[in-house]
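Dear colleague,

I am passing on the structure we spoke about, and you will find it just below. My notes on what came out of it follow underneath, and I would be glad if you read them with the model open beside you.

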Amino acid sequence: MSAQNQKGINFQKIDLEAAKKIAQKENKLIFIDVFTTWCGPCKLMQKNVFPDEKLGEMFNKNFVSLAIDAEKEGVDLAKKFKISNFPSYLFLDKNGELVQYDFGYYNVEQFSTIGMAVLDKASSKSMSKDMTKTMSPPIDQVKGKMVGDKIADFSAKDHLGKTFTLSKEKEKIVLVFIRGQWCPYCNKYVESLQNIAPQLKAKNARLVIISPEKPEFIEKTLAKTKTNYTVLYDEGYKIAELFDVLYTPNQKTLDFYNSRLKDDFTTARSDNSGRLPVSATFIINENKEISWRHFNPDYKERASLEDILKQL
């Protein structure tokens with residue numbers, strides 16, 4: 001039965017591998033009730049606790065839940081996790097790695113507390129791991145790609161899902177990095193760039209804007225600036241890393257942005273690391289080499305329109 005058709009925890013009749021696929025797709029954890037048919041506390045949990053409606057709402061939202069008999073289909077599972085007490089509870093991440101183990105009888109309130117503690121633990125672990133992977137240097141250590149550097153091919157999608165691939169472009173590319181639609185300096189600059197559209201066309205050049213924000217936030221950039229240029233979502237900051245413009249603001253700045261901008265800052269990008277690109281501009285020639293750049297760590301200082309046209 002689906003979670004919508006029953007109260008309490010929705011125990012799915014699937015194996016662990018199938019549960020992992022669902023957990024990965026829906027970004028959930030995995031909960032396994034490991035029981036035996038002769039275990040009294042197991043039966044009490046199944047009768048008095050697991051059917052609770054509020055407990056079910058919380059678990060169904062955050063976990064893919066399985067109930068596995070330790071003496072039948074769960075023999076290998078019990079051996080792997082060295083289970084000797086029943087009922088036992090395995091809380092796994094979406095890849096099947098153990099987050100927390102528990103066992104014994106609990107009432108509804110106690111088991112709900114355990115579930116919440118597991119979610120907090122998994123969230124903290126994930127954030128710590130994510131931050132370790134995604135820490136970028138402070139802005140004063142970011143230097144940007146230099147004139148003469150060859151740029152490796154990259155692809156990215158705009159807000160409509162249309163793919164831009166550098167190697168397929170025959171024109172010169174003017175690449176402009178912005179911090180996001182929440183940045184008034186970025187919006188003002190993008191709006192001003194519209195004034196040189198005719199000259200760019202005459203010089204066989206295409207201007208492309210790189211934003212770290214997701215498509216729905218790029219929509220806000222387009223609405224605020226009325227720009228006709230291509231705005232690409234730099235998912236995972238891959239383009240910013242490629243051009244060596246990615247940095248992590250200091251904690252004071254991050255705290256200010258998070259408190260002042262809220263969802264416009266915290267949920268707009270690929271992750272919660274707070275990383276941003278330097279507001280740099282690069283001209284890439286037909287050989288995919290940087291022929292000119294404007295790189296200034298001060299986000300208020302942008303490449304002048306006159307300089308861009310002169311360098312083309």
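The chain exposes about 16,500 Å², of which carbon and sulfur atoms supply 50%. Please keep in mind throughout that this is a predicted model, and that every value below was computed from it.

I begin with the chain as a whole. It holds 12 helices and 13 strands, and its C-alpha trace spans about 85 × 40 × 35 Å along the principal axes. The radius of gyration is 26 Å, whereas a compact globule of 312 residues would have one near 20 Å. Buried residues nevertheless make up 47% of the 312 residues. If one takes the contacts between residues at least 6 apart in sequence, 70% of them join residues at least 24 apart. As for charge, the chain carries 47 positive and 41 negative charges, and the mean positions of the two sets are 2 Å apart.

Next come the salt bridges, of which the structure holds six; I describe some of them here. In one of these, the side chains of lysine 220 and aspartate 264 meet with an N to O distance of 3.3 Å. This pair links distant parts of the chain, since lysine 220 belongs to helix α8 (residues 215–225) and aspartate 264 to helix α11 (residues 263–266), 44 residues apart. Both partners are partly exposed, with a relative accessible area of 35% for lysine 220 and 23% for aspartate 264.

Which residues are linked with Arg275 in a network of salt bridges? They are Glu241 and Asp271. Between arginine 275 and glutamate 241 the closest N and O atoms are 3.7 Å apart. Arginine 275 lies in the loop between α11 and β11 (276–277), while glutamate 241 sits in helix α9 (residues 238–242), so this pair ties together parts of the chain that are 34 residues apart in sequence. In the bridge between aspartate 271 and arginine 275, the closest N and O atoms are 3.1 Å apart. The members of the network do not share one level of exposure: arginine 275 counts as buried at 4% relative accessibility, and aspartate 271 is likewise buried, with a relative accessible area of 12%, whereas glutamate 241 counts as partly exposed at 46%.

I also looked closely at isoleucine 178, which lies in the loop between β7 (172–177) and α6 (184–193). Is this isoleucine 178 buried or exposed? Its relative accessibility is 0%, and because the cut-off for buried is under 20%, isoleucine 178 counts as buried. Leaving aside residues up to four places away in sequence, isoleucine 178 touches Cys186, Val190, Ile209, Ile210, Ser211, Pro212, Thr221 and Pro277. Isoleucine 178 and tyrosine 189 are 11 residues apart in sequence, and their C-alpha atoms are 9.1 Å apart in space.

Finally, there are some points of backbone geometry that you may wish to inspect for yourself. The peptide bond from phenylalanine 86 to proline 87 is cis, with omega near -5°, and proline 87 is found in the loop between α4 (75–80) and β3 (88–92). Lysine 82 lies in the loop between α4 and β3 as well, and its phi is near 55°, a positive value in a residue other than glycine. Lysine 288, too, has a positive phi, of about 65°, although it is not a glycine; the place of lysine 288 is in the loop between β12 (281–284) and β13 (290–294). As to their surroundings, lysine 82 counts as exposed at 74% relative accessibility, whereas lysine 288 is buried, with a relative accessible area of 12%.

With kind regards

Notes. Residues numbered from 1 in each chain as written. Predicted model: local features only at pLDDT ≥ 70, side-chain atom pairs only at ≥ 80, totals over all residues. Heavy atoms only, no water. Salt bridge = Lys/Arg side-chain N within 4 Å of Asp/Glu carboxyl O. Helix = DSSP H or I, 4+ residues; strand = E, 2+ residues; numbered from the N terminus. Buried < 20%, exposed > 50% of the residue type's maximum accessible area, 1.4 Å probe, protein only. Rg over C-alpha atoms; globule rule 2.2 N^0.38 Å. Contact = heavy atoms within 4.5 Å. Areas by Shrake-Rupley, 256 points an atom, 1.4 Å probe, with all protein chains shown as cover. Lys, Arg positive; Asp, Glu negative; His and termini not counted. Charge placed at Lys NZ, Arg CZ, Asp CG, Glu CD.
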